[in-house]
Amino acid sequence: MSNGSLTRKLGFWSALAIAVGTTVGSGIFVSSGDVAKAAGIPSISILAWIIGGVIAIPQVMVLAELSTAYPQNGSGYVYLNKAGWRPLAFLYGWATFWALDPPSISIMALAIVAYLASFFPFFAGIAGKLLGVAIILIITSIHYRSVKAGGSFQVIITAVKIIPFLIVIVLGLMYMNFDNFVYTPAAGAASSSLIGGVSATTWAYTGMAAICFMAGEFKNPGKVLPRALISSVLIVLGLYTLLAVCVTGLMPFDKLMGSSSAVSDAIKYIPGLSGMASSFVAVTAIIVILGSLSSCIMFQPRLEYVMARDGLFFQRFAKVHPKFETPSFSIIAQVTLACILVFFSNLTELLGYFTLIQLVINILDFAAVYKCRKREDYNPIYRMPMWKVTTILAILGAGWLAWGTFTWAPVQGMIAAAIVIGTGLPVYYYWEKKYGSKSGHDSNIVA
C-alpha cells in the first residue's frame, strides 16, 4: 500500500533504457542527409557525428552530479529551485506542461500512425487520429498501473529498437563501397563546415536527461544515475557514428547530401534489400518512435507531480495511486491533453516555438551547479572531473542548441517566451502566496 509518495523500484537497466530510448528517435532517419549537406565532405560528416556526441558528455556529467546531490524527481525544476531561482523553476514546469510535453506525445503518436498508414491507407484520416489516441492510451495503461512494469517494458522496447540499426550497420559494413568515402565538391559548391555538421546532429543527442525526472524512483541513485547517463551517451555516440559510417559507405555522397530519408535510401544499395527499403524503414520507425513515446509517457508526468508536492502546481497532480504507487492524476492529465492535441495537429506545430524557452532554462540548469555547490546540503556521490571546465562546456553546448533554435524562428520564439512569462508569473505568485509558506520552498521536494 502506498505511503503517499513514489518509491524507489527501478534499477540500472531501466535507467539506461529510458535514457537511450528517449534519445534515439525518428530524427536519425532524416538527419543523416542534413548533416552530410552541412558538412560538405564524407570525413567531416562522420566527424560531425562524433563531435556532436562528445559535446553531450559534459552535459550528462553535470546532470550526473546534480542528480546524485539531489536524487529526487523533477530534474531541472529541483536544481533551479535549489539554486534559489524558484520563479524560473516554476516557469520551466509551466511551459513544459502546457506547450512541450503533451504536444511531444501527440506528435509521436501521429508519426507512428503515419508510418502505419503506408501499410494500411485506411488510417490516413480520422481513423488514424483515433488510432493515435488508442496507442497513447494503451502505453499509458502500462505506466499507470506499475512503474516497475513500465520500466521492464521500456527495457524490452529499447532493446528491440536497437536491432534494426544493428542490421543496417552489419550489412553496411559488409556491402559498403569505399569509393564513396572519397568525394570532391563541385566547383562553386559551398565549402565544408564542421560547425554546420555538428549543429545538425545536436537534436539527435537530446533526451538522456529524461532519467533525472525520475531520480527519486531509482534504487541506489548515487551509482545508477551516473552510470546510466554516461553509458547512454557512449552507446548513442557509438550507434550514430557506426550508422553514419555505413550510410556514407553505402551510397554516393552527392546523393546522401540530397536525401531527406538517408537511412531508407542507403538500404536500397544493399543487395537483396532494395525492394523492401521503405517497408524496413517504416517498421523500424514505428518501433523506434514507440519506444520514445513510452519513455515520454513514463517520465514526463513526474515533473508536475513534484511541483504540486512543492505547492507550485494544481494540488491534484500530487496524488499517488494507493495501489499502483504511480502519479496517477498527473499521468491522466498529461495524456488527456495529448489526446486532445492529436486532433489539433496545427496547434501542435505552433507549440513547437516554445522549445526556445525550455532550452534557455536548460542552460540555467547547468549553471545552477555553481550555486548548488555553495549549499550546505550539497553532497553528491558523483563529482564530475574539472567541474568548472566541464560546466562551461555543458553551458556552451546547450547554448549552441538554443542559438540554433532562436535563429530558426526568432520572433516566434520571443513571443512564446513572453506568453510563458506573462501567463506563468501571475500563477506562480498566486500559488506561492497560497502554498509557499506551507511548502517551505525546496524542503518539500521529494520523490
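**Exercise 1. Overall size**

Decide whether the radius of gyration of this predicted chain agrees with that of a compact globule.

*Solution.*
- Start with the length: the protein chain has 447 residues.
- Apply the globule rule, 2.2 Å times the number of residues to the power 0.38.
- The rule gives a value near 22 Å.
- The protein chain has 22 Å, so the two agree.
- For the extents, take the principal axes: the C-alpha atoms fill a box of roughly 70 × 50 × 45 Å.

**Exercise 2. Fold content and contacts**

State how many helices and strands the chain has, and what share of its contacts joins residues 24 or more positions apart.

*Solution.*
- The protein chain has 18 helices and zero strands.
- Count contacts with a separation of 6 or more; 83% of them join residues 24 or more positions apart.

**Exercise 3. Surface and charge**

Find the buried share, the accessible surface and the distance between the mean charge positions.

*Solution.*
- Buried residues make up 56% of the 447 residues.
- The accessible surface comes to about 18,000 Å².
- Carbon and sulfur atoms hold 69% of that surface.
- There are 28 positive and 16 negative charges. Their mean positions lie 8 Å apart.

**Exercise 4. Two helices against the ideal rise**

Compare the spans of α12 and α14 with 1.5 Å a residue, then judge their burial.

*Solution.*
- Helix α12 covers residues 277-299, 23 residues in total.
- From first C-alpha to last, α12 reaches 33 Å, close to the 33 Å expected.
- Of those 23 residues, 18 are buried, so α12 is largely enclosed by the rest of the structure.
- Helix α14 covers residues 328-342, which is 15 residues.
- The expected span of α14 is 21 Å, and its end C-alpha atoms are 21 Å apart, so the values agree.
- Eleven of the 15 residues of α14 are buried, leaving this helix mostly covered.
- Among the buried residues of α14 are Ile331, Gln334, Val335, Ala338 and Leu341.
- An α-helix has 3.6 residues a turn, so residues three or four places apart point the same way.

**Exercise 5. Placing Thr248**

Is Thr248 buried or exposed, and which residues does it contact beyond its sequence neighbours?

*Solution.*
- Locate Thr248: it sits in helix α9, residues 221-250.
- Its relative accessibility is 2%. The cut-off for buried is under 20%. Thr248 therefore counts as buried.
- Set aside neighbours within four places in sequence. Thr248 then contacts Pro42, Ile46, Asn180, Phe181, Phe253 and Leu256.
- Now take Ala338, a buried residue of α14. Thr248 and Ala338 are 90 residues apart along the chain, and their C-alpha atoms are separated by 37 Å.

Notes: Residues are numbered from 1 along each chain as its sequence is written. This is a predicted model: local features need pLDDT of at least 70, side-chain atom pairs count only at pLDDT 80 or more; totals for chains, interfaces and linings use all residues. Side-chain values use heavy atoms; hydrogens and water are left out. Helices (H or I, at least four residues) and strands (E, at least two) are DSSP runs, numbered from the N terminus. The expected span of a helix is 1.5 Å times one less than its number of residues. Buried means under 20% relative accessible area, exposed over 50%, partly exposed in between (1.4 Å probe, protein chains only). Contact means heavy atoms within 4.5 Å. Accessible areas come from the Shrake-Rupley method with a 1.4 Å probe; for residues, only the protein chains shown count as cover. Lys and Arg count as positive and Asp and Glu as negative; His and the chain ends are not counted. The place of a charge is taken as NZ of Lys, CZ of Arg, CG of Asp or CD of Glu.
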